[in-house]
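Subject: A structure to look through, with notes

Dear colleague,

I am handing over a structure that I would like you to open beside this message. Please keep the viewer at hand while you read, since the notes below go through it element by element.

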Amino acid sequence: MTGRGVRAFKRWMRDNDIEYSNSLRLCIGEGSVSGIGVRAVGDLKEGDVIATIPKKACLTIRTSAASHMIEEAELGGFLGLTVALMYERSKGTNSPWYAYLQLLPHQECVPLVWTVDEVDNLLAATELHKAMEEDMELLHEDWKDSVASLTALDPIEFPRDWFSVEQYFAAKIIVGSRAFEIDDYHGFGMVPLADLFNHKTAAEDVHFTSVPINYSIDIDNPEASYSDEECNTRSCSDISDCVHSEADTGLSQSLNGNDNDDVKGTCFSSAGSSSEVLEMILVKDVKEGGEVFNTYGTLSNAALLHRYGFTEPDNPFDIVNIDFDLVIDCCLSSLSSRHVRVRVASWRRLGCTGCSSQNSEYFEISASGKPQLELLILLYIVHLSEEAYQRLYYVSPQHSQSLSDVKKHVYFSSHVIKMEASDYRVKTKGSYLGSNGTNINNGSCVKKMKIGDAVDVSNSDEWLLTSSVSQCLLLIVDKRESLYGNSSLGEDMELRRNCVCKEQLKLFHAMSLRISERSILHKLRLYISKFTEAKKVNCNGNRRKR
């Protein structure tokens with residue numbers, strides 16, 4: 001990427017009616033997460049319209065010269081857009097998007113294009129490690145089934161050199177990291193200029209909207225308005241003119257064929273079916289010299305590295321996954337196989353399950369170190385005494401099996417002392433309450449309870465962290481932590497500090513992912529110890545009172 005390339009891109013934008021504020025500067029080598037970024041050369045104010053981009057200038061399935069061939073092959077969504085990008089790249093200077101495509105990298109440095117050794121060594125035990133092999137297989141299948149067949153049918157329009165599996169991977173990565181969802185008609189598309197704004201989690205500076213093609217936008221007058229009548233007029237033409245009807249519908253398909261995958265940035269919101277120009281509007285002030293950020297969504301570091309090739313420090317959306325099988329192995333360290341199998345079956349009968357992805361089941365640990373509630377309930381049921389476990393079959397929730405219902409059901413079942421008609425006695429903080437409402441053992445004052453009484457047990461999970469559960473959970477953390485190898489968290493931090501970021505991007509971001517995940521496991525340890533220490537204090541206090 002050179003200054004000459006940026007100048008050519010600016011001329012191309014001008015020729016294609018893309019307008020942007022004079023207070024913006026495209027900066028080579030100054031982007032926070034990539035080789036290019038957008039900075040403010042003057043103070044920018046919330047509400048300013050800083051750019052307008054006609055949809056005809058966007059590279060989509062509809063606007064590509066290969067549109068009819070892609071549609072005849074019934075390729076839509078990300079897959080169809082990837083083929084459109086490959087086609088325009090193959091045309092070189094004859095492509096209407098040549099100057100724009102020259103500004104983009106050939107491919108992003110995402111783990112999908114790392115060597116096998118790099119993936120195995122740098123991503124071992126992280127959330128990405130297992131996903132890489134599966135992704136490679138899926139993309140190879142896509143290429144073989146959809147792209148290679150195009151070359152076989154028409155090698156002139158789809159030459160092998162430009163439609164090889166390597167070219168497909170490169171284009172797919174660019175589409176996956178830069179495409180926006182434009183509207184129902186165009187579907188996903190490459191949006192020149194908009195895709196040069198770098199990401200900042202939950203701290204974006206710009207928002208995108210659509211306005212009518214016949215609305216003349218004044219960059220220097222962002223308060224300018226348009227009438228409802230203007231909003232109801234629809235016109236569309238691509239760079240080489242295209243015609244479509246109101247009945248046309250959008251195409252929706254994600255990176256691996258799933259409709260719900262995240263797309264870079266926010267979907268451009270349409271101001272009526274006539275919206276043919278995209279606006280970039282500031283949602284907060286930006287000081288002179290500051291980088292102007294977009295957001296690609298609320299993504300964990302694993303997701304950011306997977307799709308975009310970078311990570312963020314202190315990402316509040318990070319998670320760590322604990323495989324279901326690892327949890328069961330830890331339970332089996334102190335309990336029989338039959339015992340664990342029966343308790344797990346009871347947990348499932350209550351409607352509980354872990355998260356699932358690509359035929360694997362797992363539990364999530366949030367960025368704060370809090371474990372998924374289903375995991376705590378599972379461990380609690382597995383470690384219940386036989387007497388308390390048997391009561392799970394006698395006290396049933398009165399409503400649907402929501403997680404809240406399950407939690408209440410398990411709570412009451414494990415705290416019931418004796419069943420008497422519709423009343424039962426509940427043990428709470430060392431005290432017992434008889435069916436006549438009498439408080440026994442001079443414990444805390446507790447009101448009389450009946451089956452079906454509403455009790456809020458949602459505010460705290462402390463009661464789930466019994467001594468046995470806490471010990472098992474710590475064992476789970478130890479086993480999950482051991483998957484990272486012999487290095488400590490401190491050693492990983494030191495290795496990242498010594499990285500020359502621009503020269504060792506793979507190592508730097510792989511270490512950042514490992515550090516974020518291992519830090520979450522450390523927080524999980526603190527979460528466990530906080531409740532176990534609190535219980536020790538309460539227990540000692542009760543002994544002193546007696």
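How many bridges join strand β1 to β4, and in which sense do the two run? Before the reply, please bear in mind that this is a predicted model. Strand β1, which covers residues 19–20, is joined to β4 by two bridges, and the two strands run antiparallel. If you look for one of these positions, you will find that Tyr20 has Ala51 of β4 as its bridge partner.

Strand β4 itself spans residues 49–54, and six of its six residues are buried, so that the strand can be called mostly covered. It also pairs with strand β9, residues 275–282, again in the antiparallel sense, this time over five bridges. Ala51 appears here as well, for it stands opposite Met280 in β9.

Next comes a small group of strands that is easy to follow by eye. β5, β7 and β6, in that order, make an open sheet of three strands with antiparallel pairing. Because β5 and β6 stand at the edges and have a single partner strand each, one side of each is left without a neighbour in the sheet. Strand β5 (residues 59–60) meets strand β7 (residues 187–190) over two bridges, with Leu59 opposite Met190 and Thr60 opposite Gly189. On the other edge, β6 (residues 180–183) pairs with β7 over three bridges, and Asp183 stands opposite Gly187. β6 and β7 form a hairpin, and three residues lie between them.

Met190 leads on to the nonpolar cores. The largest of these has 67 residues, and Met190 is listed with Ile53, Phe197 and Val292 as those with the most contacts inside it. Helix α3 (residues 77–90) supplies the largest share of this core, namely eight residues. Another core, of 48 residues, lies apart from it, and Ile322, Leu392, Ile520 and Ile528 are among its members. As a general background to such groupings, nonpolar side chains in soluble globular proteins tend to be buried together. To see how one core residue is surrounded, you could select Val292, whose contacts, leaving aside residues up to four places away in sequence, include Leu24, Val38, Ile50, Phe197, Leu282 and Val286, and also Arg39, Asn198 and Asp205.

Which face of helix α11 do you think is turned inwards, and what does it pack against? Helix α11 runs over residues 337–349, has 13 residues and reaches 18 Å from its first C-alpha to its last, which is close to the 18 Å expected at 1.5 Å a residue. Its buried residues are His339, Val340, Arg343, Val344, Ser346 and Trp347. Seen down the helix axis, these fall within an arc of 160°, and therefore they line one face of α11. The general reason for looking at spacing in this way is that an α-helix has 3.6 residues a turn, so residues three or four places apart point the same way. The buried residues of α11 pack against α10 (324–332), β12 (360–365), α12 (373–382) and α13 (386–390), whereas Arg338, Arg341 and Arg349, on the other side of the helix, are exposed. Just after α11, Gly351 takes a positive phi of about 95°.

Two residues that are not glycine also have a positive phi, and they sit in quite separate loops. Leu193, with a phi of about 80°, is found in the loop between β7 and β8 (206–212), and it is buried, with a relative accessible area of 2%. Asp314, with a phi near 55°, lies in the loop between α9 (301–308) and β10 (320–323), and Asp314 is exposed, at a relative accessible area of 79%.

Finally, a word on the cysteines. With a disulfide taken as a pair of cysteine sulfur atoms within 2.5 Å, the count comes to zero. Cys472, for example, is in no disulfide, the nearest cysteine sulfur, that of Cys331, being 4.0 Å away. Cys472 is buried, with a relative accessible area of 6%, and Cys58 also counts as buried, at 0%.

With best wishes

Key:
Residues numbered from 1 in each chain as written. Predicted model: local features only at pLDDT ≥ 70, side-chain atom pairs only at ≥ 80, totals over all residues. Heavy atoms only, no water. Helix = DSSP H or I, 4+ residues; strand = E, 2+ residues; numbered from the N terminus. Expected span 1.5 Å × (residues − 1). Buried < 20%, exposed > 50% of the residue type's maximum accessible area, 1.4 Å probe, protein only. Arc of directions from axis to C-beta. Contact = heavy atoms within 4.5 Å. Pairing = 2+ DSSP bridges. Core = buried A, V, L, I, M, F, W, Y, C linked by side-chain atoms within 4.5 Å.
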